[in-house]
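I set out these entries to record what I looked up, in the order in which I looked. The ligand site comes before the backbone and the side chains.

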Amino acid sequence: MNIGIVCYPTFGGSGVLATELGKALAQKGHQVHFITYSQPVRLNSFQPNVSYHEVHVPTYPLFDFPPYETALASTMVDVIKNNNLDLLHVHYAIPHASAAYMAKQILQKEGKNIPIITTLHGTDITLVGRDKTYAPVVTFSINESDAITAVSNSLREDTYKHFNITKEIIVIKNFVDVSRFNKKPIDAFKKMIAPNGERVLMHASNFRKVKRIPDIINIFKEVNDVIPSRLMLVGDGPERPAAEDLCRELNLCDEVRFVGRQEQMEDILAIADLFLLPSETESFGLAALEAMAAGVPVVTSNAGGLKEINVQGETGFMGDVGDVRTMAQQAIRILKDEHTLNQFKQKAAAHAKLFDISNVVPQYEKLYEDLLKK
Ligand code: GMT
């Protein structure tokens, strides 16, 4: 098949998932065309069968806000026509679903029908999309998609709850390439972070409010008071300065490392003993699944789709949003001795296999094939 994929090219989970899906489809022999405003971060090496089409947004002195959605829809039309795409798969509803609707209408006038698949990822529904300045367009363009998928049951329910969706939403859960994350720790790296054999706690995100970064630091403080530990914070975003302030206030500057955005998550996760994700909302929690695939147990909140990946008492634990005390105690329970930690590590890795890429990509292929038969 000739497949177009539209996504955010940044470090966010939706862009990561869309890029990994495109790469996997290309490996299976499909021609994949990424349409984004910059090179997706996980599209960092040459891949046969993969093309990348950049969306350029010309500016003009009149524009306080350059019309990205118009540029995106026009680029979609151009790429679909010139590469004879069979279908277009957009990830994250805003503004990809409405731009795709526009492109579809333009092409229909020219006699070409292009099926649109919209995959809902999370904040496009639970946070941003619900804002009344976006909601009518989001609702309309989701309903106009030829197929709608959501990355968890929880997100599917949220979408029906908050929007007037008249079509079936198919759940295709996020996936991870288990073979990529199954790596041995680099000893020198582990020694650098935890020179005296301290436990390594980790978090990776875009440091937005929804991730509750202060909870992570407070959980770490309680753990470190009992078990000598280090905290690695991977990523960057608006909450980082406040997080640095909190570390200074709590006198944790030597124990907490801010390592910024990183591409080689498999090497970084390989040295972790525990991953923390106490988010306010989380439609799925791909970062936690990648940690589990690396054999790292997770302590998370019980928000949204986290309940669908984290098995209480097996792959880690869950606490209520904001319940720092409980999550710290859960972390201590996991980290307290080598035997317990190893059991959690093994179960996390085993459970992640259920979400292996090899089980999930065929579900998207089947969906595409069914649409093309219509
Ligand atoms: O978590 C973020 O802020 C990034 C966001 C995105 O769209 O890139 O992530 C969402 O999509 C991921 C991939 O499907 C999910 O794993 C995340 O749970 C979801 N984030 C939220 O719901 C907050």
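Which pocket is the space taken by the ligand? I found that the ligand occupies the largest pocket. I note at the outset that the model is predicted.

**Entry 1: the shell.** I listed the residues around the ligand and obtained 17. The closest are His121, Asn174, Lys211, Glu282 and Ser283. Sorted by class, the shell holds eleven polar, four nonpolar and two charged residues. I then asked which domains supply the shell. Domain 1 (2–175 + 356–373) and domain 2 (178–355) each contribute at least three residues.

**Entry 2: contacts of the ligand.** I looked up distances from oxygen atoms of the ligand to polar atoms of the protein. For His121, an N or O atom of the side chain is 2.6 Å from a ligand oxygen. For Ser14, the partner is a polar backbone atom, at 2.9 Å from an oxygen of the ligand. For Leu286, a backbone N or O atom lies 2.9 Å from a ligand oxygen. I also checked how much of the ligand is covered: on its own it has 480 Å² of accessible area, and the protein covers 94% of this.

**Entry 3: backbone.** I next searched for a cis peptide bond and recorded one between Ile94 and Pro95, with omega at about -10°. I placed Pro95 in helix α3, which spans residues 93–109. I then turned to phi angles. Asn49 is not a glycine, yet its phi is positive, at about 70°. I located Asn49 in the loop that runs between β2 (31–36) and β3 (50–54).

**Entry 4: Arg325.** Where is Arg325 found? I traced this residue to helix α13, residues 324–335. Which side chain does the side chain of Arg325 contact? I found a polar contact with the side chain of Glu222, at 3.0 Å. Lastly, I looked up the separation of Arg325 from Asp64: the two are 261 residues apart in sequence, and their C-alpha atoms are 46 Å apart in space.

Technical notes. Residues numbered from 1 in each chain as written. Predicted model: local features only at pLDDT ≥ 70, side-chain atom pairs only at ≥ 80, totals over all residues. Heavy atoms only, no water. Near = heavy atom within 4 Å. Polar contact = N/O pair within 3.5 Å; in protein donor to acceptor, adjacent residues only side chain to side chain. Areas by Shrake-Rupley, 256 points an atom, 1.4 Å probe, with all protein chains shown as cover. 1 Å grid on protein atoms, 1.4 Å probe; cavity = no way out; pocket = protein on both sides within 12 Å on 5 of 7 lines; lining within 4 Å. Sits in = over half its atoms within 2 Å of the grid points. Nonpolar A, V, L, I, M, F, W, Y, C, P; charged D, E, K, R; others polar. Domains from an automatic or database assignment. Helix = DSSP H or I, 4+ residues; strand = E, 2+ residues; numbered from the N terminus.
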